[in-house]
Amino acid sequence: MRFLTTVAVASLAFGGAWLGVVEAKSVSGDRVLVLVPKVEAAKLYSQFLDSLTGRGFDISVRAATNTSVALQVDGVRTYDHAVVLSPESKKLGANLSVRDFVSFVDDGGNLVLTASSELSELGRKLAARFGVEYERRGTAVIDHVAHLRAINDTSDHTLVAAGPPKTAAPVLSKQFAHPQSNPVYFKGIAHKYEPSNPMLISVLTGSRTTYSAPIGSDANEGAISLSGKALGLVSVFQTRNNARVAFSGSAALFSDALLSQEGGANKQFTTDISQWVLQEKAVLRETAHRHYLASTGERPEHYRISNEIVYEIDLSVYHDDAWHPYNSKDVQFEAIMLDPYIRATLNSTESTDPKTTATYHGDIKLPDRYGTFTFRVNYKRTGYSNVDVKDTVGIWPLRHDEYPRFLSAAYPYYISSLVMAVGFLALCAAWMWSAEPKTKRTTKQKSN
Amino acid sequence: MSTTTADIFSRLARDYADETPLRLKVIDTYMVFCVAVGLAQFAYCLLVGTFPYNAFLAGFGSAVACFVFAANLRIKTNAKNASQFTGTAESAFAEFVFCHITLHFIVANFLG
């Protein structure tokens, strides 16, 4: 009996520990589909896939030719994330189309899409849907200055060494912000990206000596279609529903060969990218928000014009396995009726739960205008998930008996109207008790 | 013809004192008083702004209306205008009182 209880306790403890390890770090789920050309090809990416497993993801490695693979069944996602490491396959899974992938993303699924010089039409069309335009088939990224100098001097100039631009800050870890950080090795195809697109963030670009040209061509000017910083190597995209998609022009970037390359930062880079895309970092959320009258602390059914109110919102950011307070100085509140009548920056204040949330506070004076207003915090920042909190609030005019009375500024008017009334009484008195001249005057009148 | 400005004014004052009946003098005093109160309110409004605008309108309007009523009473009760009016001085005074009572009701309502 005693032996049995020991076993039970031990198994419970073990089970708890086991659960602790497997618990997903991602906010949006732990089911990952990995598509590779053949199941055996997964060995090429074992380090990357092992790091995903180590982070608590439940990985399903499937061959691209496996026709039973579907992203959604009856409109319900079968996976939370999909990693496509099979850029050359013309067909993926159960003949997955561009629309299937887009619908997966619309439903909140996250994607990592890789490419190569022989990128299939499917991958090309899918990327175009997100504003990422891959170069023509058969081209490669070449750099005669910044590339991996291999042993035996057989250096491959298509294996370029690249660095992330400054815009990639929230996506990548801090070490990449350092100008002398190790380069990321990349072998594949380039893409054009639109820098002004607020949803697309370029996280790895070419350097000044990088260009894209057909493989084997001598790089005369006509053959170069894209070069320098405009040449995108890896870009990430965040949709309006906070789903995330990564586009890497190189599948090799995730391979064991480059991850274990000395002097390269591929390991950290792929970890950062996958953490960002699989919703393990830079995930922002609003845990609570409230607004109430500053005077009473109560939230009325509707406010009155020019009321002084308090608006508060709690924000958390997810990284390193837990929710942390999100600290920023640019959280803004808006009171909108067609146009914003008020746009005020909220200040950080003492939080009720300082370990996980940061509270932002604003003392707002409502406009001297009645109508149906929307109180909104629309917080969209590069690399962070979008927070858009809206409340529809009625602002009513004062009732006839709610206007302020006996204002000190109006006292002179009160007094003077009173004085006028007294003056009237005085005149009446003077008129009535000044009767004698009347006779005088009437006699005078008659004599005239 | 050698009258100076001072002579003109002193004569004007003397004639006014001698020839104007006492009741008209009382009304004149009241009208000066109305103008003074009205001007004081207007100056105050210029100084501090129009904020309780309804109170300003009530106070200022009361002074103006009192002035107008007094002017009407003066015209009607002036013996020189007797040929143009049929009513007696008493009926003119009664009208004056009625208008005033109505006015002060309105003013009190409008003061806010």
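**Reading a two-chain model**

Me: How many Å separate the centres of domain 1 of chain A and domain 2 of chain A?

Reply: The centres of these two domains, taken over C-alpha atoms, are separated by 37 Å. The bounds of a domain come from an automatic or database domain assignment, and here they place domain 1 at 22-277 and domain 2 at 283-396 of chain A. This is a predicted model, in which local features need pLDDT of at least 70, side-chain atom pairs count only at pLDDT 80 or more, and totals for chains, interfaces and linings use all residues. Residues are numbered from 1 along each chain as its sequence is written, while chains are lettered from A and ligands numbered from 1 in the order in which they are written.

Me: How many residues does each domain of chain A give to the contact between them?

Reply: Two residues are in contact if their C-beta atoms, placed from the backbone, lie within 7 Å. Domain 1 of chain A contributes 10 residues and domain 2 of chain A contributes 8 residues. On the domain 1 side, 5 residues are nonpolar, 3 polar and 2 charged. In this scheme Ala, Val, Leu, Ile, Met, Phe, Trp, Tyr, Cys and Pro are nonpolar, Asp, Glu, Lys and Arg are charged, and the others, Gly among them, are polar.

Me: How many helices and strands are there in chain A, and what percentage of its residues count as buried?

Reply: Helices (H or I, at least four residues) and strands (E, at least two) are DSSP runs, numbered from the N terminus. Chain A has 8 helices and 26 strands. A residue is buried with 20 or more other C-beta atoms within 10 Å of its own, exposed with 12 or fewer, and partly exposed in between, the C-beta atoms being placed from the backbone. Of the 448 residues of chain A, 36% are buried by this count. Among contacts in chain A with a separation of 6 or more, 70% are between residues 24 or more positions apart.

Me: How should a sheet be read, and what is the strand order of the open sheet of 5 strands in chain A?

Reply: Strands of a sheet pair through backbone hydrogen bonds, either parallel or antiparallel. Here, two strands are taken to pair if DSSP finds at least two bridges between them. The order in this sheet is β18-β26-β25-β21-β22, with mixed pairing. Its edges are β18 (303-304) and β22 (339-345) of chain A; each has a single partner strand, so one side of each lacks a neighbour in the sheet.

Me: Which residues of β26(A) stand opposite A:Thr374 and A:Phe373?

Reply: A:Thr374 has A:Thr392 as its bridge partner, and A:Phe373 has A:Val393. The strands β25 (residues 371-379) and β26 (residues 387-396) of chain A pair in the antiparallel sense over 9 bridges. By contrast, β18(A) and β26(A) run parallel and are joined by 2 bridges. A:Arg304 stands opposite A:Trp396 in β26(A).

Me: In what sense do the 3 strands β8, β13 and β14 of chain A pair?

Reply: The pairing is antiparallel, in an open sheet ordered β8-β13-β14. One side of β8 (139-143) and of β14 (226-227) of chain A has no neighbour in the sheet, because each stands at an edge with a single partner strand. Strand β13 (residues 210-214) of chain A pairs with β14(A) over 2 bridges, and A:Tyr211 stands opposite A:Ser227 in β14(A).

Me: Which elements of chain A give two or more residues to the side that touches chain B?

Reply: In total, 23 residues of chain A are in contact with 28 residues of chain B. The elements in question are α7 (411-432) and α8 (436-447) of chain A. The largest share, 14 residues, comes from α7(A). By class, the chain A side holds 16 nonpolar, 5 polar and 2 charged residues.

Me: Where does UniProt place the feature "transmembrane region" in each chain?

Reply: UniProt positions are given in the numbering used here, feature names are shortened, and annotations may be inferred rather than shown by experiment. The unreviewed entry for chain A lists residues 411-433, a span that is 96% helix and 0% strand, with end C-alpha atoms 33 Å apart. For chain B, the unreviewed entry gives 30-49 and 55-73. Residues 30-49 of chain B are 95% helix and 0% strand, their end C-alpha atoms 28 Å apart.

Me: Is helix α1 of chain B well covered or hardly covered?

Reply: α1(B) is hardly covered, as 0 of its 15 residues are buried.
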